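I opened this notebook to record what I looked up in one structure. The entries are kept in the order in which I made the searches.

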Amino acid sequence: MSYLSVHSIAIETRPKRMELDSALEQLGHWGKFQLISYGLLCVPIVFHAVFYLTYVFTAMQAEHRCLIPECEDPLQTEFRPPWLTSAVRFDAGRPAGCHRYEAAPGAVLPDNGSCVASMFRSDVEVACTQWVYPKPTLSIMSEWNMTCDGNSHWMLSLVGTMNNVGRLFGMPMAGFVSDRYGRRTILLLGLGLAGVMGMLRSYATNYIFFLVFEFLDPLFNAGLYSASFILGMELMGPQKRVMWSAFTHSVYAVGEALLGGVAWALQDWRWILRAFYGPAILSLAVLWILPESVRWLCSKGRTKDARIIIRRAAVMNKMSTKQLDLEEMKASIAEEAKAKKAFKDDYTEDTPSTWWALKETFKSRVLRVRLLTCSFCWITNTFVYYGLSLNSVSVSGNLYLNFMLVCLIEVPAGLVTWMLMERVGRRMSMCASLVLTGLSCLAFLLMPDTEVWQWIRIATYLVGKFGITVSYTVLYVLTAELFPTNVRHSLFAMCSAFGRIGSIIAPQSPLLNRIMESLPVILFGSMSLISGLLALVFPETHNTKLPDTIEEAENIGKAKGGSGGDGPAANGGSGDVIVDVTGDRKYPVKKTSVTARPTRISVTSMSGRPTKKTSVCSLGTVQVTVPEKGSTTPTAAPALPQAAPTENSIGSDLVSPKSPVAEPETVTVHL
């Protein structure tokens, strides 16, 4: 039992209108309309996964050796002829890539056409002037001879960095377009422009040409995944959104593995690009039938378009449109939009600025430490996550198969993450997964690189990728639960922005192989272990109410029982609530649900400035049983606990409704 005393509320006695969530629930989740929509949304998700990592193969390091003009024709070469050991030094079973033995004076090719050791001076090496590759068009490195030049290695790694820089600029632009012009708009526009950029890149004639379009491609495709994810969420009812999250993560991993398979089959960087960017442009003809987000249409006041989509969905699912009561839903949506606008205006007048809220937040030592720790964990997760994918092609064995396995391990990792968060909690899930990643990376280094240990090393590497995938998924949820409501999105974006540092420098990690072959994996393992231990600094947020104030954020995990909340009612669960209806009479009510309907309530701020006024929305929905007129026996209110005020004690006595009540009835109160 908890006590709720509010300054003012509105009591609604008319029949409840059909709201959007109710309509979506009645439409179902697995009808023909939904299945077609989900299937279409998988298309841009797969393309986004491919576009993100094409540079792994277009700018990959290709095996190479010197051309030996004394022994072979430049137009007809074999990468490993039998006589090669006489002309080139071998390291770890591979021919040296940048040097060859000097030809002996007066050396003559034998009549049988096969070079012999006497033709070369094995004690003197000279630099190559021409090179031989297993396949000349394997990557831009082999086609443009980016081999032994001192700048070649960082130029190749710069391709991946430029891809992530383009994505860094493209993501906020995509978010603006999506919110302003629609989810479907950014999907079609982004996919079309990215397809054109990719096709132009496949015809690049030099490195600068290639690099410019490597930047422009992610600048336009950065919003494909997020727009697809949000559009799917907004087509669903509330109960199926977690399933959609796990499903899209698995589809994304399958898209990455598909890239590895196609690259394996083609082994030509130009045709790898054309194999994906060409179909991406053609797919627009099919994606044109994808419906716009109904919620976005309603938020923009386009209720007519929203009802057309819902009516079409009902027809496709063989459902009567009369069941949906679309006219009632139209009125409900219009009322919601009007209430949100009124709340927004009031919030603008009464609420302190975001800058002031951030300033107050940074005064908290607890939240400063939490922000720094969270930012380091973001850098670690992005660096290790993408670093393990990029370095998988350098692990012994088939590089294409290794890449596909590293991508496919994300499917089970994504599916088990939600179960771990619910059963083990956020903090321990993140700590354990990061420690698992760190130990796997270090164990990988201790295993000998021999054919006997090959599959054991690959399995250990996959365990590391499994762990970092779990950690990365948990980090998204944990970050959103650690900070106060009025600065939650700002601090989440700040941590994510720091995380981009990891994804930008990850493509540079292969350069560390030139210093020490095992150095990248050592760095992955050590950073994972450090972040795993730092994760213990975070409070446990499982089954806790999202903090609304700085004090609540600081006290997460400190409340008795570890709930960190104010009881079932405060957390949106069921439970009895006492509402003061007349100022001195109290009636028991039943809290039935939490709604998104805002209510303007002037309260004293809990954020450290007692004189500052703010507004509260979405406290919930309650049902009040009002006694018949003339009744003088109210239900007694229980004794209030002697404790510090909580968010449920947020105002003065409730104002009575002006119109008399003729008979006992149950009314709905939106708080």
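The entries below cover the disulfides, two unpaired cysteines, two helix pairs and one serine.

**Entry 1. The kind of model**

I note at the outset that the model is predicted. I therefore treat every value below as computed from a predicted model.

**Entry 2. Disulfides in the whole structure**

I asked first how many disulfides a search of the whole structure finds. The search returned three disulfides. A disulfide is a covalent bond between the sulfur atoms of two cysteines. I then counted the bonded cysteines along the chain, and the pattern of the protein chain reads 1-5, 2-4, 3-6.

**Entry 3. C66 and C128**

I looked up the link that joins C66 to C128, and I recorded an S to S distance of 1.2 Å. C66 sits in strand β3 (residues 65–66), and C128 sits in the loop between β7 (120–127) and β8 (131–132), so this pair ties together parts that are 62 residues apart in sequence. I asked next whether C66 is buried or exposed. C66 counts as buried because its relative accessibility is 0%. For C128 I found a relative accessible area of 11%, and C128 is buried.

**Entry 4. C71 and C115**

I found a disulfide formed by C71 and C115, with the sulfur atoms 1.5 Å apart. About the S-S bond I read -125 degrees, and the link of C71 and C115 is left-handed. I placed C71 in the loop between β3 and α4 (84–87) and C115 in the loop between β6 (99–103) and β7, so the pair ties together parts that are 44 residues apart in sequence. Both C71 and C115 are buried.

**Entry 5. C98 and C148**

I recorded a disulfide from C98 to C148, with an S to S distance of 2.0 Å. The link of C98 and C148 is left-handed, with -100 degrees about the S-S bond. C98 lies in the loop between β5 (94–95) and β6, while C148 lies in the loop between α5 (140–143) and α6 (152–181), so the pair ties together parts that are 50 residues apart in sequence. I checked the accessibility of each cysteine in turn. C98 counts as partly exposed at 26% relative accessibility. C148 is partly exposed as well, and its relative accessible area is 29%.

**Entry 6. Two cysteines without a bond**

I asked why C431 has no bond to the closest cysteine sulfur. The closest cysteine sulfur is in C377, and the sulfur of C431 is 9.9 Å from it, which is too far for a bond. C431 counts as buried at 9% relative accessibility.

I put the corresponding query for C495. The closest cysteine sulfur to that of C495 is in C374, at 3.8 Å, which is too far for a bond, because a disulfide requires the sulfur atoms to be within 2.5 Å. C495 has 0% relative accessibility and counts as buried.

**Entry 7. Helices α17 and α20**

Two packed helices are described by the angle between their axes and the distance between the axes. I looked up helix α17 (residues 365–391) with helix α20 (residues 426–446), and I recorded an angle of about 45 degrees and axes 13 Å apart. That angle makes α17 oblique to α20. The crossing in which α17 passes α20 is left-handed. I then asked which residues of α17 and α20 meet. In α17 these are C377, N381, V384 and L388, and in α20 they are M430, L434, T437 and C441. I sorted the contact of α17 with α20 by class and found six nonpolar, two polar and no charged residues.

**Entry 8. Helices α7 and α11**

I turned to helix α7 (residues 183–201) and helix α11 (residues 269–282), which pack at an angle of about 155 degrees with their axes 8 Å apart. The two helices, α7 and α11, are therefore roughly antiparallel to each other. I recorded a left-handed crossing for α7 and α11. Residues of α7 in the contact include L191, G192 and A194, and those of α11 include W269, L273 and R274. By class, the contact of α7 with α11 holds nine nonpolar, four polar and two charged residues.

**Entry 9. S392**

I located S392 in the loop between α17 and α18 (399–408). S392 counts as buried, with 0% relative accessibility. I asked which residues S392 touches, not counting residues up to four places away in sequence. I found N402, F403, V406 and Y461.

Terms used
Residues are numbered from 1 along each chain as its sequence is written. This is a predicted model: local features need pLDDT of at least 70, side-chain atom pairs count only at pLDDT 80 or more; totals for chains, interfaces and linings use all residues. Side-chain values use heavy atoms; hydrogens and water are left out. Axes are lines fitted to C-alpha atoms, for helices over the stretch in contact, and angles run from 0 to 180 degrees between N-to-C directions. Helices (H or I, at least four residues) and strands (E, at least two) are DSSP runs, numbered from the N terminus. Angles under 35 degrees count as roughly parallel, over 145 as roughly antiparallel, 65 to 115 as roughly perpendicular and the rest as oblique. A crossing is left-handed if the near helix is turned anticlockwise from the far one by less than a right angle, and right-handed if clockwise. Contact means heavy atoms within 4.5 Å. Ala, Val, Leu, Ile, Met, Phe, Trp, Tyr, Cys and Pro count as nonpolar, Asp, Glu, Lys and Arg as charged, and the others, Gly among them, as polar. Buried means under 20% relative accessible area, exposed over 50%, partly exposed in between (1.4 Å probe, protein chains only).
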